[in-house]
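Visitor: Could you walk me through this model? I would like to start with one residue and then move on to the sheet.

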Amino acid sequence: MESCNCIDPPWSADDLLTKYQYISDFFIALAYFSIPLELIYFVKKSAVFPYRWVLVQFGAFIVLCGATHMINLWTFHVHTKAVAMVMTISKILTAVVSCATALMLVHIIPDLLSVKTRELFLKNKAAELDREMGIIRTQEETGRHVRMLTHEIRSTLDRHTILNTTLVELGRTLALEECALWMPTRTGLELQLSHTLRQQNPMTFTVPIQHPSISQVFSTNRAVVISPNSPVAMIRPRTGKYMIGDVVAVRVPLLHLSNFHINDWPEPSKRRYALMVLMLPSDSARRWHVHELELVEVVADQVAVALSHAAILEESMRARDLLMEQNVALELARQEAETAIRARNDFLAVMNHEMRTPMHAIIALSSLLQETELTPEQRSMVETILRSSNLLATLINDVLDLSKLEDGSLELNIRIFNLPSMFREVHNLVKPIASVKKLSVSTNLASDLPEYAAGDDKRLMQTVLNVLGNAVKFSKEGSVSVTVLLERPESLRDPRAEFYPVHGDRHFYLRVQVKDTGAGINPPDIPKLFSKFVHSDTMTTRNYGGTGLGLAICKRFVNLMEGHIWLESEGLGKGSTCIFIVKLGIPDHIHEMEHQSVFPIPSNSTRKDFPGLKVLVTDDNGVNRMVTRSLLARLGCDVTVVDSGHECLQAMSQARQIFKVLFLDVCMPGMDGYEVAIRIREMFPNRHERPLLVALTGSTDKATKEKCIKVGMDGVLLKPVSLEKMRSVLVDLLEHGSVCDSIQRL
């Protein structure tokens, strides 16, 4: 066998494998022992990991695996039975812990995977919440800007200020390069540049309203991005610009202005819009965001509301100014009317006084002349003078009454009176006149007519006398009948007029019907007979005379008494019927009627003269003194006359308790009749010692009567006065202590 020079390796291949396994087991064991240390550190530092017991179990598994590999180091050499036993136990424990760990991981891994899923879900939710918070912050920012803009816009109601403020605030909030407002023209066919952000006085540009870009914006209420080359966006300079900024347009609804006339604003008949154009800066990568578009839309709506308020305010201010002008004009007209009324009243008062003074002389002297021995021709002349004078006095009264009725100063004097007695008095007054014309006059009073009523007996009697006097005047032959009855509820409404009486327990409606067989009335002329100075035809004035005021005054009296009056006639020559209805009250205390009745029955009708009755007449007018003295002297009175209040007081003090009756003119220079009456009442505190005081006046004013009563006068006698009227006044004074008819008329 040949020898070899080869060097034998120190370890065989099996030994090398064993060595490698030995070294590997050592490092595996070392690694296994280090892993539990790391897990212990992790568990100690982690406060939220939910599977600590699993980590402990996993650590035990690793330790046992490491121990197994460590024990395995002794198995590479001859080892004892004890080592084999330990190795066996270690491997059994490692197998048990390994299986338990594997089984536990089967349950833990899905939980860990679900935890990961929830983690991803929470991350997504957090991202979504972040987005929502961003949206909320954007909305809050938008709302803040909107509130700021709204406050600025609504801080004024001037439309030009509103538009300028809107453009300025939008430009500052959105950092705009330009912002413009286009308004419709009057024709509504074009849009005209009205306001811009950068130009104080923009040039006049117009764009057809049918342009596609404008139609696109007007078709929606949202902000629309339009082309920078649109005509409404070509208002900013483009020289030196590389990239034009984006442009947004939004419509602004305008108020329907058909009822408004506001200077240079249109007056469209259908809904119209203005156009707001907003431009981002050029040479910028900026784009419009959703929240910015929403801000623009909200501001456009606010501008529309503010403009509508401004339009209403301007129209209201214009209406206010117009109303103020009208009020000023009305106030001037009212003052002029009041001045005219005062002038008329002053004129009537003066004319009333001045006309009654000569009328007093004419009527009084004519009545005195009538009592003397006259030839038939002279008596006829005197009677003509008296009739003419009486007609003139009636005309004066009618004109004054009509004047008061027209200016509303005439008021009804409501008191309780005897209703049947009033109609009998009217009958007695008219009967002598009718007898001269051989007319029969009848008065028919309903059986259920109340004895007493509450109302203005003077005006009612004047109305009845006027209507009955017309019937007698316009009848040449035949008869005149007066029918008085209570109006029944079923026939209360007059179909020919708007008369709607009100039923009640405290009042009733009286119907008076005067029918004659006289000249009759042409039916077409009936409506105009209640106007002033109107007759049925020209022959009426020529044949019967009259002023044409009677029925006009009657109508106004009836209206004051809440009634209605009308005429009926079948034609000329067929007679006529005048009917009127008045409202009268039902009195509460019947026992007071005797003191308030104005139609007393004369207690001594045969007494004509008053011989020895001492009377003092005080009047500053010489004619009136002479006339009044003549009347009283004709009645047998012992008359003393003075021309002033001072002389009256001197006469009374010198001859105490001599004068029984004192006639006082209320309008005298110096001391007037009112002051004289007060002085006399002071001189004679005892009523029985004081003379009877009667005011002589030409004024029909109610205030005059009230003042006379207030100062203590016993009666008021209205000029002119005839002999019979003076006799009647003296009878009332001596028998009743006062003049029952407080304002005596001829």
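Visitor: Where does Ile-89 lie?
Guide: Ile-89 belongs to helix α3, which covers residues 81-154; helices here are DSSP runs of H or I with at least four residues, strands are E runs with at least two, and both are numbered from the N terminus. This is a predicted model, in which local features need pLDDT of at least 70, side-chain atom pairs count only at pLDDT 80 or more, and totals for chains, interfaces and linings use all residues. Residues are numbered from 1 along each chain as its sequence is written, and side-chain values use heavy atoms, leaving out hydrogens and water.

Visitor: OK, and is Ile-89 buried or exposed?
Guide: Ile-89 is partly exposed, at a relative accessible area of 44% (buried is under 20%, exposed over 50%, partly exposed in between, with a 1.4 Å probe and protein chains only).

Visitor: Now the sheet: what is the order of its six strands?
Guide: The order is β3-β2-β1-β6-β5-β4 in an open sheet with antiparallel pairing, where two strands pair if DSSP finds at least two bridges between them.

Visitor: Which strands stand at the edges?
Guide: Those are β3 (206-208) and β4 (224-226); each has a single partner strand, so one side of each is left without a neighbour in the sheet.

Visitor: How many bridges join β5 and β6?
Guide: Strand β5 (residues 247-253) and strand β6 (residues 273-279) pair over seven bridges in the antiparallel sense, and Pro-253 has Tyr-273 in β6 as its bridge partner.
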